[in-house]
Amino acid sequence: SDLEFPYGQQSVDNAVTADKKERQPVTWSIEDCGSAFLIKCIVHIKRNAEKNTFFGNGCIGADINADRIAVAETDDCGNLVAHKNIPFNLLHKSSGQIEQILSKAMDEVFQICIKAKKPLVLEDIQNVKKEMLYNGKRLNEVLSIFAYKKMKILAESKSDKYSVGICYINPCYT
């Protein structure tokens, strides 16, 4: 039977069926998981050159916290136009559940960007010292499971998917 992927199938088809001059390498991985097989296909995806990176009309800013994403829309002068909190709960969730929750929250952020036709400004959270940000038992527990790196990977992926530009800045300016 044919193998189809729920996400990225068009990219796989393009890589496999392209003309000889435009054909790209395709890598397949098959893992035996006991009662099932996990099949992965890796292809090179060209970055979208037509991302909206124009900040002249304002932007959408997102402040990523351990339990919500605070989103603000600004106009061309930097004045607040609209704001919204996108809450989520990561406590007592598996890593797969956490990834799905964060992905859904980031989807909502990018839908706001698309509707406003503005690029996204995110805090550069990759090198943040988590233990220096918060004190308190509950927040430390939440932060220990909060996937900072996963959030950046999701943002980059959705930036390509939705053709929305991203600019990273120091967290203290969000």
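Which pattern does the chain follow when read along the sequence? The chain runs α-β-β-β-β-β-α-β-α-α-α-β, with five helices and seven strands in total. Please keep in mind as you look around that this is a predicted model. Below is a friendly tour, from the chain as a whole down to a helix, a strand and a surface patch.

**The chain as a whole**
- The chain has 174 residues, and 28% of them are buried.
- Taking contacts between residues at least 6 apart in sequence, 56% join residues at least 24 apart.
- About 11800 Å² of the chain is exposed, and carbon and sulfur atoms supply 52% of that area.

**Helix H1 and its two sides**
- Helix H1 spans residues 9-17, and its buried residues are Gln9, Val12 and Ala15.
- Looking down the axis of H1, you will find these buried residues within an arc of 130°, so they line one face of the helix.
- The general background is that an α-helix has 3.6 residues a turn, so residues three or four places apart point the same way.
- Turned away from the buried side of H1 is a face that carries the exposed residues Gln10 and Thr17.
- Strands E1 and E2 are among the elements that cover the buried residues of H1.

**Strand E6 and its neighbours**
- Strand E6 covers residues 120-123, and both of its faces are covered.
- On one side of E6 sit Leu120 and Leu122, on the other Val121 and Glu123, and all four are buried.
- That fits a general rule: in a regular strand the side chains alternate between the two faces of the sheet.
- Strand E3 (residues 59-64) runs parallel to E6, and three bridges join them.
- Within this pairing, isoleucine 60 stands opposite leucine 120 of E6.
- Strand E7 (residues 166-169) also runs parallel to E6, joined to it by four bridges.
- Leucine 122 has tyrosine 168 in E7 as its bridge partner.

**A nonpolar patch on the surface**
- Leu3, Val16, Trp28, Ile30, Phe37 and Ile39 make a nonpolar surface patch of about 620 Å².
- Strands E1 (26-32) and E2 (37-43) each supply at least two residues of this patch.
- Is phenylalanine 37 buried or exposed? Phenylalanine 37 lies in strand E2, and it counts as exposed because its relative accessibility is 60%, where the cut-off for exposed is over 50%.
- Strands E1 and E2 therefore appear twice in this tour: they supply residues to the nonpolar patch, and they help cover the buried residues of H1.

Note on methods. Residues are numbered from 1 along each chain as its sequence is written. This is a predicted model: local features need pLDDT of at least 70, side-chain atom pairs count only at pLDDT 80 or more; totals for chains, interfaces and linings use all residues. Side-chain values use heavy atoms; hydrogens and water are left out. Patches are made of residues with over 30% relative accessible area and no salt bridge: like charges are joined within 9 Å, nonpolar side chains (Val, Leu, Ile, Met, Phe, Trp, Tyr) within 5 Å. Accessible areas come from the Shrake-Rupley method with a 1.4 Å probe; for residues, only the protein chains shown count as cover. A salt bridge is a side-chain nitrogen of Lys or Arg within 4 Å of a carboxyl oxygen of Asp or Glu. Buried means under 20% relative accessible area, exposed over 50%, partly exposed in between (1.4 Å probe, protein chains only). Contact means heavy atoms within 4.5 Å. The arc is that of the directions from the helix axis to the C-beta atoms. Two strands pair if DSSP finds at least two bridges between them.
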